[in-house]
Amino acid sequence: MELFDLTGKVAIITGSSRGIGKAIAERLAEHGAKVVISSRKAGPCDEVAAEINGKYGQGRAIAVPANIASKEELQRLVDETNRAFGQIDILVCNAATNPYAGPMAGIADEQFEKILQNNVISNHWLIQMVAPQMVERKDGAILVISSIGGLRGNALIGAYNISKAADMQLVRNLAVEWGPSNVRVNCIAPGLVQTDFAKYLWENPELLKTVTEPAPLKRIGQPDEIAGTAVYLCSPASAYVTGQTLVVDGGLTIAW
């Protein structure tokens with residue numbers, strides 16, 4: 001249990017009112033962490049925090065809604081977490097957006113800018129707000145949720161994939177910068193997971209079959225199956241792991 005013990009640790013998880021982010025928050029709390037639930041709308045954040053507090057005890061979770069496109073709101077997220085819990089030990093950048101599907105020639109500038117802003121620049125902002133205290137304490141774990149799309153070309157979600165490839169490189173750069181201070185920075189690259197965010201990819205049976213049939217496990221993933229990898233990368237079990245992208249995709253990328 002010591003390898004995965006997060007007792008006394010404080011974790012911010014963006015995009016944690018549902019899907020992969022919620023599953024990660026729940027599992028981090030299960031392993032002892034105090035968690036901060038954050039997404040754009042307050043109501044869903046409050047619900048998840050209440051659910052975690054009801055299961056693991058009052059004070060284990062708070063809700064701090066924030067729009068990741070707003071630098072001011074992200075700073076408020078950090079400040080309120082520090083006020084409530086005293087420090088930040090773990091940061092999970094999970095929130096992302098994808099307002100466009102189709103060939104790159106058809107994407108509007110505003111759509112491309114939004115993808116890069118929310119999926120890359122906002123991660124950079126939030127990480128830079130949190131990292132200084134980790135560097136000072138010489139202890140911290142930062143995790144970015146990327147995608148196997150960042151490893152491959154795709155004619156349908158190319159712009160999204162560009163942003164996810166950038167996240168992988170962001171992690172590698174920061175791992176080099178902060179490794180001497182014992183701050184670890186890693187990525188998870190999920191395959192297709194059954195979330196509302198990816199609904200357009202799995203609600204069509206034919207499209208779902210096209211994506212899952214080539215994979216060795218022959219099925220779609222579930223949010224909780226990403227959460228286990230997140231617990232590993234945020235815990236002492238991965239103390240010698242940094243700058244890496246762990247693929248969690250049912251084997252799709254090795255078979256197709």
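Trainee: What makes β4 and β5 a pair of strands, and how do they run?

Mentor: In this predicted model, four bridges join β4 to β5, residues 140-145, and the two strands run parallel. Pairing asks for at least two bridges, so four bridges are enough. One place to look is Cys93, which stands opposite Val144 in β5.

Trainee: How do you know that β1 and β4 pair?

Mentor: The same kind of test applies. Strand β1, residues 10-14, and β4 share three bridges in the parallel sense; with at least two required, they therefore count as paired. Here Ile13 stands opposite Val92 in β4.

Trainee: What is covered on strand β4?

Mentor: Both of its faces, over residues 90-93. Ile90 and Val92 lie on one side, Leu91 and Cys93 on the other, and all of them are buried. To earn that word, a residue must have under 20% relative accessible area.

Trainee: Which elements make the right-handed β-α-β unit?

Mentor: Strand β4, helix α4 (residues 109-137) and strand β5. The name fits because the path from the first strand over the helix to the second runs clockwise when the strands point away from the viewer.

Trainee: Which residues touch the most other members of the largest nonpolar core?

Mentor: That core has 39 residues, and the ones to find are Leu77, Leu91, Leu126, Ile127, Ile142 and Trp178. Helix α4 gives the largest share, seven residues.

Trainee: What is Ile127 in contact with, apart from its neighbours within four places in sequence?

Mentor: Leu91, Cys93, Ile142, Val144, Leu170, Leu174 and Trp178. Each of these has heavy atoms within 4.5 Å of Ile127, so the word contact applies. There is also a second, separate core of 31 residues, which includes Ile37, Val48, Leu143 and Ala227.

Trainee: Now the cysteines. Why is Cys45 too far for a bond with the closest cysteine sulfur?

Mentor: The closest cysteine sulfur belongs to Cys93, and it is 15 Å from that of Cys45. A disulfide needs the two sulfurs within 2.5 Å, so this pair does not qualify.

Trainee: How far is Cys234 from the nearest cysteine sulfur?

Mentor: It is 11 Å from the sulfur of Cys93, and Cys234 is in no disulfide. By this rule the count of disulfides comes to zero.

Trainee: Are Cys45 and Cys234 buried or exposed?

Mentor: Cys45 has a relative accessible area of 0%, and Cys234 has 6%. Buried means under 20%, so Cys45 is called buried, and so is Cys234.

Methods
Residues numbered from 1 in each chain as written. Predicted model: local features only at pLDDT ≥ 70, side-chain atom pairs only at ≥ 80, totals over all residues. Heavy atoms only, no water. Buried < 20%, exposed > 50% of the residue type's maximum accessible area, 1.4 Å probe, protein only. Core = buried A, V, L, I, M, F, W, Y, C linked by side-chain atoms within 4.5 Å.
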